[in-house]
Amino acid sequence: MDHAITPDVANHVLFHFGQGGYQAGSFTTHLLAAFATADEQHFFRLSQAFPEYGAAVAAIQYDPKGVSNLTAIARGEVAA
């Protein structure tokens, strides 16, 4: 996926996975829980509706450099 991950999205995802950041509102917290527990088909469907969160969750779950990349985005050091 090639979707821009904003600093807010990066911070929400980092927080959800216990890697820093800051907590999102209740809807986004539930959305991140859905992403984190979704099977492949449902992850894809969620990503169609919320592509930036899909990209960030995929990064933190599957990319060995995901945490460091999201941390840099969260700090405004790089654009996704």
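In the predicted model, alanine 38 is placed in the loop that lies between H2 and H3. With a relative accessible area of 24%, alanine 38 is partly exposed, since the buried class is reserved for values under 20%. Once its neighbours within four places in sequence are left aside, alanine 38 is found in contact with Phe43 and Leu46, and both of these residues are among the buried residues of H3. Tyrosine 53 stands 15 residues away from alanine 38 in sequence, and the C-alpha atoms of the two are 13 Å apart in space.

The helix that follows this loop, H3, comprises residues 40-49. Its start is marked by a polar contact in which a side-chain oxygen of aspartate 39 comes to within 3.3 Å of the backbone nitrogen of glutamine 41. Within H3, the residues Phe43, Leu46 and Ser47 are buried. Because they cover an arc of only 100 degrees around the axis, these residues are placed on the same side of H3. The other side of the helix carries the exposed residues Gln41, Arg45, Gln48 and Ala49, so that glutamine 41, whose backbone nitrogen takes part in the contact with aspartate 39, is itself exposed by the over 50% criterion. The buried residues of H3 pack against H2 and H4.

A comparable division is seen in H2, the helix that precedes the loop of alanine 38. For the twelve residues of H2 (residues 26-37), a rise of 1.5 Å a residue predicts a span of 16 Å, and the end C-alpha atoms are 17 Å apart, which agrees with that expectation. The buried residues of H2 are Thr28, Leu31, Leu32 and Phe35. They, too, are confined to an arc of only 100 degrees around the axis, which puts them on the same side of H2. Ser26, His30 and Thr37, in contrast, are exposed on the other side of the helix. The cover over the buried residues of H2 includes helix H1 (7-16), helix H3 (40-49) and helix H4 (51-62).

Helix H1, which contributes to this cover, contains asparagine 11. This residue has a relative accessibility of 10% and therefore counts as buried, the limit for that class being under 20%. Apart from its neighbours within four places in sequence, asparagine 11 is in contact with Gly20, Gly21, Tyr22 and Ala74.

At the level of the whole chain, the protein contains five helices and zero strands, and its elements run α-α-α-α-α from the N terminus on. The radius of gyration is 11 Å, close to the 12 Å that the globule rule gives for 80 residues, so the protein is as compact as a globular protein of that length. The C-alpha trace spans about 30 × 25 × 20 Å along its principal axes. Of the 80 residues, 36% count as buried, and the protein exposes about 4,800 Å², of which carbon and sulfur atoms supply 54%. Among the contacts between residues at least 6 apart in sequence, 47% join residues that are at least 24 apart.

Key:
Residues are numbered from 1 along each chain as its sequence is written. This is a predicted model: local features need pLDDT of at least 70, side-chain atom pairs count only at pLDDT 80 or more; totals for chains, interfaces and linings use all residues. Side-chain values use heavy atoms; hydrogens and water are left out. Helices (H or I, at least four residues) and strands (E, at least two) are DSSP runs, numbered from the N terminus. The expected span of a helix is 1.5 Å times one less than its number of residues. Buried means under 20% relative accessible area, exposed over 50%, partly exposed in between (1.4 Å probe, protein chains only). The arc is that of the directions from the helix axis to the C-beta atoms. Contact means heavy atoms within 4.5 Å. The radius of gyration is taken over C-alpha atoms; the globule rule is 2.2 Å times the number of residues to the power 0.38. Accessible areas come from the Shrake-Rupley method with a 1.4 Å probe; for residues, only the protein chains shown count as cover. A polar contact is a pair of N or O atoms within 3.5 Å; within protein, one must be able to donate a hydrogen and the other to accept it, and residues adjacent in sequence count only if both atoms are side-chain atoms.
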